[in-house]
Amino acid sequence: MTPQHHLPADIERTSLSIITAELAELGLTPPPETAPVVKRVIHTTADFDYAKNLRFTPGAVAAGVAALRAGTPIVTDTNMALAGITKPGLKKLGGSALCYMADPEVAAAAKAAGTTRAVASMHRAAAEHPGAILAVGNAPTALLTIAELIEAGLRPALVIGVPVGFVNVVESKERLFAVCETYGVPAIAAMGRKGGSNVAAAICNALVYSAAEMLDPTARGWK
């Protein structure tokens, strides 16, 4: 086998060209606003189902980009998602990303309340960064907590709800999305069972790259 490309920038551009062509063949070409997010998730997963199951409230991508340009922090529900978010892109925007899941105070709060760390971490995020971008790739309980907090008055800049799994996953996404629609909170969700921390990170990266004008890999210093 002779590799088609060797350099990362060429590999990414070719991959995205293939994705664009196959989406067109399937009749699933996303609108311009959501295309960077949909294509980045497919690039990460090689799963074209995301062209159908990713849902966006009106203006969600624009809201996320604007928030990132204003230096709004991203709070994730897993350290895996945190690790996957582009740090150079955030640095260019003067932004940050954080996760409270390993924080001893969050662990203690979860134990005291008899709940999960994901629930406690979302309460911590709401208290310390009420206007943050909340990116959930693993815990349905985090999404349900966010929905409750929104009903109680929390207004995140954007909620990314893409947990993966079989227990409470579908229902938590549907509830979160419905609550966000009702209260006018921007949201991006992967409806159904699919998702994961890698998908949450991919969505964040698509937004960061858009905000920092780094969608083309050469803008990231790639050759």
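1. Three bridges join β5 to β6, and these two strands run parallel. The register of this pairing can be read from Gly 161, whose bridge partner in β6 is Ala 189. The model is a predicted one, and the points below should be read with that in mind.

2. Strand β5 has a second partner in β4 (residues 133-136), to which β5 is joined by four bridges, again with the two strands running parallel. Here the register is given by Leu 134, which has Val 159 as its bridge partner in β5. Taken together, β5 is bridged to β4 and also to β6.

3. Strand β6 likewise has a further partner, since strand β1 (residues 54-56) pairs with β6 over three bridges, in this case in the antiparallel sense. Within this pairing, Leu 54 has Ala 190 as its bridge partner in β6. A reader tracing the sheet can therefore follow β4 to β5, β5 to β6 and β6 to β1, with parallel pairing in the β4 to β5 step and antiparallel pairing where β1 meets β6.

4. The side chains of these strands deserve a separate look. In a regular strand the side chains alternate between the two faces of the sheet. In β5 (residues 158-161), Leu 158 and Ile 160 point one way while Val 159 and Gly 161 point the other, and all of them are buried. In β6 (residues 187-190), Ala 187 and Ala 189 point one way while Ile 188 and Ala 190 point the other, and again all are buried.

5. Ala 187, which belongs to strand β6, has a relative accessible area of 0% and is therefore counted as buried. Apart from neighbours within four places in sequence, Ala 187 is in contact with Arg 55, Phe 56, Thr 57, Ala 60, Leu 158, Val 159, Leu 176, Phe 177 and Cys 180. Of these, Leu 158 and Val 159 are residues of β5 that point in opposite directions from that strand. Ala 60 is 127 residues away from Ala 187 along the chain, yet the C-alpha atoms of the two are separated by 5.7 Å.

6. Leu 90 sits in helix α6 (residues 87-93) and, because its relative accessibility is 3%, counts as buried. Not counting residues up to four places away in sequence, Leu 90 touches Leu 68, Ile 74, Ile 85, Gly 95, Ser 96, Ala 97 and Val 208. There is also a link in space to a distant part of the sequence, as Leu 90 and Asn 205 are 115 residues apart in sequence and 9.1 Å apart from C-alpha to C-alpha.

7. Ser 121 is a residue of helix α8 (residues 117-128), and with a relative accessibility of 1% it falls under the 20% limit and so counts as buried. Leaving aside neighbours within four places in sequence, the contacts of Ser 121 are with Tyr 100, Met 101 and Val 106.

8. Two residues merit attention for their backbone geometry. Ala 46 has a positive phi of about 60 degrees although it is not a glycine; Ala 46 lies in the loop between α2 (35-45) and α3 (50-53) and is exposed, with a relative accessible area of 65%. Asn 168, also not a glycine, has a positive phi of about 65 degrees, and Asn 168 is located in the loop between β5 and α10 (169-183). With 44% relative accessibility, Asn 168 counts as partly exposed.

9. As for the chain as a whole, there are eleven helices and six strands. A compact globule of 223 residues would be expected to have a radius of gyration near 17 Å, and the chain has 17 Å, so the two agree. Along its principal axes, the C-alpha trace spans about 55 × 35 × 35 Å. Of the contacts in the chain with a separation of 6 or more, 69% are accounted for by residues 24 or more positions apart.

10. Finally, on burial and surface, 50% of the 223 residues count as buried. The chain exposes about 10,100 Å², of which carbon and sulfur atoms supply 57%. There are 19 positive and 18 negative side chains, and the centres of these two sets lie 4 Å apart.

Notes. Residues are numbered from 1 along each chain as its sequence is written. This is a predicted model: local features need pLDDT of at least 70, side-chain atom pairs count only at pLDDT 80 or more; totals for chains, interfaces and linings use all residues. Side-chain values use heavy atoms; hydrogens and water are left out. The radius of gyration is taken over C-alpha atoms; the globule rule is 2.2 Å times the number of residues to the power 0.38. Buried means under 20% relative accessible area, exposed over 50%, partly exposed in between (1.4 Å probe, protein chains only). Contact means heavy atoms within 4.5 Å. Accessible areas come from the Shrake-Rupley method with a 1.4 Å probe; for residues, only the protein chains shown count as cover. Lys and Arg count as positive and Asp and Glu as negative; His and the chain ends are not counted. The place of a charge is taken as NZ of Lys, CZ of Arg, CG of Asp or CD of Glu. Two strands pair if DSSP finds at least two bridges between them.
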